[in-house]
Amino acid sequence: MKTTSHLIFTLLNLLFISAFSQQKIKVIDLENNQPISCAKVILEDGSYRNTETDGSINIFPNEKIIEIQSFGYEILKISEYKTSYFLTPKFKNIEEVIIENPKQNKFFRIGKIKKEKNSHSFIASKNTWFIVSFFESKDNPNYKFIKNIKFYNNVESTKKDATINLIIFKNENGRPSEEIWKSFTIRCKPGKKITTKNFKTPIQFPDEGLFIGFEWIINDENSFEQEFILNNKYNETKKTLKKFNNPYIYSQTSEFNEILIKTKSGWEKFNHNILNENRRLSIELTLTN
């Protein structure tokens with residue numbers, strides 16, 4: 001009886017420690033008081049995580065939030081701890097735009113998804129912010145709108161859909177623009193390797209081309225664990241669990257090195273030291289008139 005009581009006390013103590021070892025915060029829209037899912041919570045060490053569907057995220061005592069970002073909102077700099085943070089929607093004055101009505105009776109494709117045998121894939125890293133490839137204009141006046149974007153991906157070790165941000169940057173002097181031009185949260189389904197984003201209103205494809213790619217959403221809803229067996233120098237084996245975030249995004253061989261990665265230190269060319277070959281993201285655009 002004494003042993004049982006001691007066990008119950010120990011379990012309750014562990015639950016108490018666990019409950020108070022992390023604090024739940026929420027990120028909320030200032031205008032409509034609705035939770036903001038997938039908001040990027042940036043930590044002092046340069047890593048980030050994203051909020052869940054209900055706008056919440058757990059913060060550990062050793063973590064310090066320095067900034068919160070979400071597409072379409074003003075960046076919020078953090079100076080003190082709170083249980084709720086409110087983001088202000090971003091409104092910009094825009095110049096008059098002439099709206100064209102695409103005919104959409106002709107189509108042209110840029111890029112081609114190749115399912116290579118040893119295709120290199122990318123997966124979320126706490127310090128990997130964006131990964132993009134450049135798509136140039138074919139200088140054809142008949143195809144100036146993006147009807148859809150397809151990409152090659154994989155959802156691993158789960159039956160749940162995974163979400164990722166499909167992002168588009170304008171081309172500014174051969175580099176992605178400072179701000180994201182367009183962002184769409186896409187659901188990738190397990191077992192379905194090609195995901196397609198169709199646009200009800202086609203996106204205009206500028207003459208200077210676009211950088212198109214992805215930003216991972218790092219949260220519990222996208223996470224999965226895999227077991228690894230490690231051998232030490234004494235040839236002893238040890239099982240360990242590692243946490244990853246879906247989905248995998250694939251690349252393919254290319255004539256030139258066409259992948260850019262943005263980390264906390266800025267944009268840099270992806271360099272595959274093992275394969276030593278040029279690559280681009282496996283993305284295909286359908287353009288229309």
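In this predicted model, a salt bridge joins the side chains of Lys-90 and Glu-179, with 3.8 Å from N to O. The two partners come from distant parts of the chain, 89 residues apart: Lys-90 belongs to the loop between strand 7 (84-87) and strand 8 (107-110), while Glu-179 belongs to the loop between strand 13 (175-176) and strand 14 (182-188). Lys-90 has a relative accessible area of 29% and is partly exposed. Glu-179, with a relative accessibility of 43%, is likewise partly exposed.

Another salt bridge pairs Arg-280 with Glu-258, and here the closest N and O atoms lie 2.3 Å apart. This contact also links distant parts of the chain, 22 residues apart, with Arg-280 in strand 22 (residues 279-281) and Glu-258 in the loop between strand 19 (248-253) and strand 20 (259-263). Arg-280 counts as buried because its relative accessibility is 11%, below the 20% limit. Glu-258, at 23%, counts as partly exposed. The charged end of Arg-280 has a further neighbour, as it sits over the ring of Phe-135, 4.7 Å from the ring centre.

A third example brings together Glu-277 and Arg-279, whose closest N and O atoms are 2.3 Å apart. Glu-277 is partly exposed, with a relative accessible area of 31%, whereas Arg-279 is buried at 1% relative accessibility. These two residues belong to a network of salt bridges that also includes Lys-114 and Glu-116. In total, the model holds twelve salt bridges.

Aromatic side chains provide another set of contacts, and the count comes to eleven aromatic pairs. In one of them, the ring centres of Phe-184 and Phe-199 are 5.1 Å apart and the planes meet at 55°, so the pair is tilted. Phe-184 lies in strand 14 and Phe-199 in strand 15 (residues 194-204), so the pair ties together parts that are 15 residues apart in sequence. Phe-199 counts as buried, at 9% relative accessibility. Phe-224 and Tyr-248 form a tilted pair as well, with 6.5 Å from centre to centre and 40° between the planes. Here the link again spans distant parts of the chain, from Phe-224 in strand 17 (residues 223-231) to Tyr-248 in strand 19, 24 residues apart. Phe-224 and Tyr-248 are both buried. Elsewhere, Phe-130, Phe-169 and Trp-267 make up one aromatic cluster.

Turning to the strands, four of them form an open sheet in the order 3-2-5-6, with antiparallel pairing. Strand 3 (48-50) and strand 6 (76-77) are the edge strands, each pairing on one side only. Strand 2 (residues 40-43) runs antiparallel to strand 3, and three bridges join them. Within this pairing, Ile-42 has Tyr-48 of strand 3 as its bridge partner. Tyr-48 also takes part in a side-chain contact: the charged end of Lys-40 sits over the Tyr-48 ring, 5.0 Å from its centre.

A final point concerns confidence. The protein chain has an average pLDDT of 84, and 82% of the residues score at least 70. Residues 14-19 call for a separate mention, since pLDDT stays under 50 over this stretch. For residues 14-19 the model has zero contacts beyond four places in sequence.

Key
Residues are numbered from 1 along each chain as its sequence is written. This is a predicted model: local features need pLDDT of at least 70, side-chain atom pairs count only at pLDDT 80 or more; totals for chains, interfaces and linings use all residues. Side-chain values use heavy atoms; hydrogens and water are left out. A salt bridge is a side-chain nitrogen of Lys or Arg within 4 Å of a carboxyl oxygen of Asp or Glu. Helices (H or I, at least four residues) and strands (E, at least two) are DSSP runs, numbered from the N terminus. Buried means under 20% relative accessible area, exposed over 50%, partly exposed in between (1.4 Å probe, protein chains only). pLDDT is the predictor's confidence in each residue, from 0 to 100. Contact means heavy atoms within 4.5 Å. Two strands pair if DSSP finds at least two bridges between them. Rings of Phe, Tyr and Trp (its six-membered ring) pair if their centres lie within 6.5 Å; planes under 30 degrees apart count as stacked, over 60 as edge-to-face and the rest as tilted. A charge sits over a ring if NZ of Lys or CZ of Arg is within 6 Å of the ring centre and within 35 degrees of the ring normal.
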